[in-house]
Number of protein chains: 2
Amino acid sequence: MSSTWNGNFSYKAMHTRPSPVREILAVIKKPGMISFAGGMPAPEVFPVNEFYESAHLLKDNGTELLQYGTTDGNPALREFLINFMEPRLGRKVGMDQIFLTTGSQQALDLFSWAMLDPGDVIITEDPSYMAAMTVFMNHGGVCRGIPCDGDGLQVEKVPALIESLRAEGKKVKFLYTIVNFQNPGGMTMGVEKRKKLAAIAEEYDIGIFEDDPYGYVRYEGDHLPSIFSFDKVGNVLYAGSFSKILAPGTRTGWVIGDPAIVRKMCVFKQSTDLCSSSVDQALIAEYCQKGHLVRHLPKIIDNYRRRRDSMEESMKRHLAPLGVTWVKPQGGFFYWINVPGVNTDELMKRALDKKVAFIQGSAFAVEPGACTNNARLNYTYCSPEVIEEGIARIAAAIQEMKAEAEGIKA
Amino acid sequence: MSSTWNGNFSYKAMHTRPSPVREILAVIKKPGMISFAGGMPAPEVFPVNEFYESAHLLKDNGTELLQYGTTDGNPALREFLINFMEPRLGRKVGMDQIFLTTGSQQALDLFSWAMLDPGDVIITEDPSYMAAMTVFMNHGGVCRGIPCDGDGLQVEKVPALIESLRAEGKKVKFLYTIVNFQNPGGMTMGVEKRKKLAAIAEEYDIGIFEDDPYGYVRYEGDHLPSIFSFDKVGNVLYAGSFSKILAPGTRTGWVIGDPAIVRKMCVFKQSTDLCSSSVDQALIAEYCQKGHLVRHLPKIIDNYRRRRDSMEESMKRHLAPLGVTWVKPQGGFFYWINVPGVNTDELMKRALDKKVAFIQGSAFAVEPGACTNNARLNYTYCSPEVIEEGIARIAAAIQEMKAEAEGIKA
């Protein structure tokens, strides 16, 4: 007799999908593999020595670090973030408007707990962050995508979509957007669009989840005010993370919003993991309070700008001649490329054979069957030399596919 | 106009309940408050110096600690646990049968994701751990309780309950049990009952979630083999935690079971928090590999045994004369007392006025309206002197209520 599990899984368990990014972590550990797949920071730029300065807390404040924390998280870190975030949010929020999460991925799960009944609709950019879509779907949500322009989501299409969904009897609960250096598209939402979106949320009585993991990683131009800063009624929830600007291994993110939604998400956090790590939060708090984070940001920005520029040059050299197109991102972690006439699911398999990994566009498609000629390439994890080699391998894989296609036609 | 949240919450959000234990953490920080409420380890016994020995990893292996980990968790720690758990599990499990969670609370959430559709039934001990019931209910599960004897769950009643539920057309997905030093009841399931339960799971094709956070905190008698050790088909999932034996602030637990269920839970972990803290897992791994955990266990057992004995003496002195009864637990964190004729919801309010906190029995009741004369008292967090004072305050609160009741009658 075999075990009970397979026959007794939940409906959700039979229909959820593994994350291609998480799954590929196993593949990219193979020797010689070059990975543009994950959204991983460069290990070389982790502030190892500065972060280690906080380690004395494990001795000097050990009994507090080793004990349970409150569900809303380390007060010193929340106070730091209130001040740190003030320019971007346009105001200083209260302590009942901020709490800490186990990475910003958990913010997506807790928000879904609070908001989604089966069949509820979430409006997103199309394409969008796959692990957000997965968590929304796990909670019974249905994602409807709106395309993007160079300045982000086609906001003008939002009211008509809400109205047509409501005419069908559907509940639109919130809009999910990655405002800065969108994942995977790389574009940033313009200021006028942000204003308009805040007004739409108020007019149509929907929430906005403003996901901003990359916002502080800007290579050119000025920081833009958040959608949150234009919100007059409290409908915008802002989520930030230390994963891309400090260290993802610490699994620490933060959520800022109206006390009503913050409180409800905290209640669900009680049942999903009680509280996040007291150790990580205390180490980060001291690191930030000493001014290290503010000094660290220019370093990672300089480093990642060079890597982006390397990938730009390598792609001009190897991919442009093959007809591949892209838009240069002003910040963040990713290029989003278009490979005309080449199915990138297939290209991905060829590329893995040549020991280079990326994520195929279809993984990010909101409306099924889209983005089959796209691919997301991360440039923060690899050094410029490795980037050059990896792009050359992708070019070889594309050439191989094109040559075969020609052969079939001929 | 006010914000959108309250009007747009999910059904789950409108029906979930905050954890009384988590909520009371705010109350017990008031000056002079004595807390028997939480299940907190004593800060005095945290192995601060030994744990700090691992802190060098933040420098020497910083780039790995600060980076994303894999979803299944630190391999060295999983390997340690495979060996550490071998006697209790009766065999050495494979690496595909173990993964790490953000505390064992997360194991409950991930297991619920994998198993529960709305209306599915979970059989539990009655009373049981409230935050397990909450997470099951959040996932649409319905808990049905079976009472306990001195040697735990009345296992002989399980088959009839399954059959009657199935006759009603209900799906029984799994049985949830805290086998050792049950929370809140304090009793331990006997060996014959464990064997029988494994056989019932096989016969009736259901899963068992064997929750064992307290199992290594045994003051007298021999360790008993796990239900897992009697399971021939793979139907038992075992969950352990470092929270009670090392440090809850590190938020690290583990799950061991059949690869089918382990894999499915990992897929849900991808969408709920991607992975747990690389920092905490690495620090714990080195701490354990150096032999510190094995040396630490006798220290906390000695300390907590003394605290249990102190509470026993204090209760004999102050509570027994008032008719309060209890069974002395052989391990774990809690006394479960019965206060005849006194509603413990009301007693809790009186006790808080006198600056002593515990958790009222009703919070643990599976079948509603039960346990109204019970209370759970934690003895690991307070020193013996503080325990004496706290018990005296509870006695005063009981006397006050009894005097008023007499007054009303007279």
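Angles between helix axes under 35 degrees count as roughly parallel, over 145 as roughly antiparallel, 65 to 115 as roughly perpendicular, and the rest as oblique. This briefing applies these words to two helix pairs of chain A, and then turns to the relation between the two copies. This is a predicted model, in which local features need pLDDT of at least 70, side-chain atom pairs count only at pLDDT 80 or more, and totals for chains, interfaces and linings use all residues. Residues are numbered from 1 along each chain as its sequence is written, chains are lettered from A and ligands numbered from 1 in the order in which they are written, and side-chain values use heavy atoms, with hydrogens and water left out.

**Helices α7(A) and α13(A)**

- Helices (DSSP runs of H or I, at least four residues) and strands (runs of E, at least two) are numbered from the N terminus.
- Helix α7 (residues 75-89) of chain A packs against helix α13 (residues 278-289) of chain A at an angle of about 40°, and their axes are 8 Å apart.
- Axes are lines fitted to C-alpha atoms, for helices over the stretch in contact, and angles run from 0 to 180 degrees between N-to-C directions.
- α7(A) and α13(A) are therefore oblique to each other.
- On the side of α7(A), the contact (heavy atoms within 4.5 Å) is made by Ala76(A), Leu77(A) and Phe80(A).
- α13(A) contributes Gln281(A), Ile284(A), Ala285(A), Cys288(A) and Gln289(A).
- By class, this contact of α7(A) with α13(A) has six nonpolar, two polar and no charged residues.
- Ala, Val, Leu, Ile, Met, Phe, Trp, Tyr, Cys and Pro count as nonpolar, Asp, Glu, Lys and Arg as charged, and the others, Gly among them, as polar.

**Helices α8(A) and α9(A)**

- The axes of helix α8 (residues 103-115) of chain A and helix α9 (residues 130-138) of chain A come within 9 Å and cross at roughly 25°.
- That angle makes α8(A) roughly parallel to α9(A).
- Gln105(A), Leu108(A), Asp109(A) and Ser112(A) in α8(A) meet Ala131(A), Ala132(A), Val135(A) and Phe136(A) in α9(A).
- The contact of α8(A) with α9(A) has five nonpolar, two polar and one charged residues.

**The two copies**

- A turn of 180° and a shift of 0.0 Å along the axis lay chain B on chain A with an RMSD of 0.0 Å, the copies being superposed by least squares on the C-alpha atoms of residues with pLDDT of at least 70 in both.
- The two copies are thus related as by a two-fold rotation axis.
- In chain B, the C-alpha nearest the axis belongs to Ala55(B), 3.1 Å from it.
- The same surface serves both copies, as 100% of the contact residues of chain B recur in chain A.
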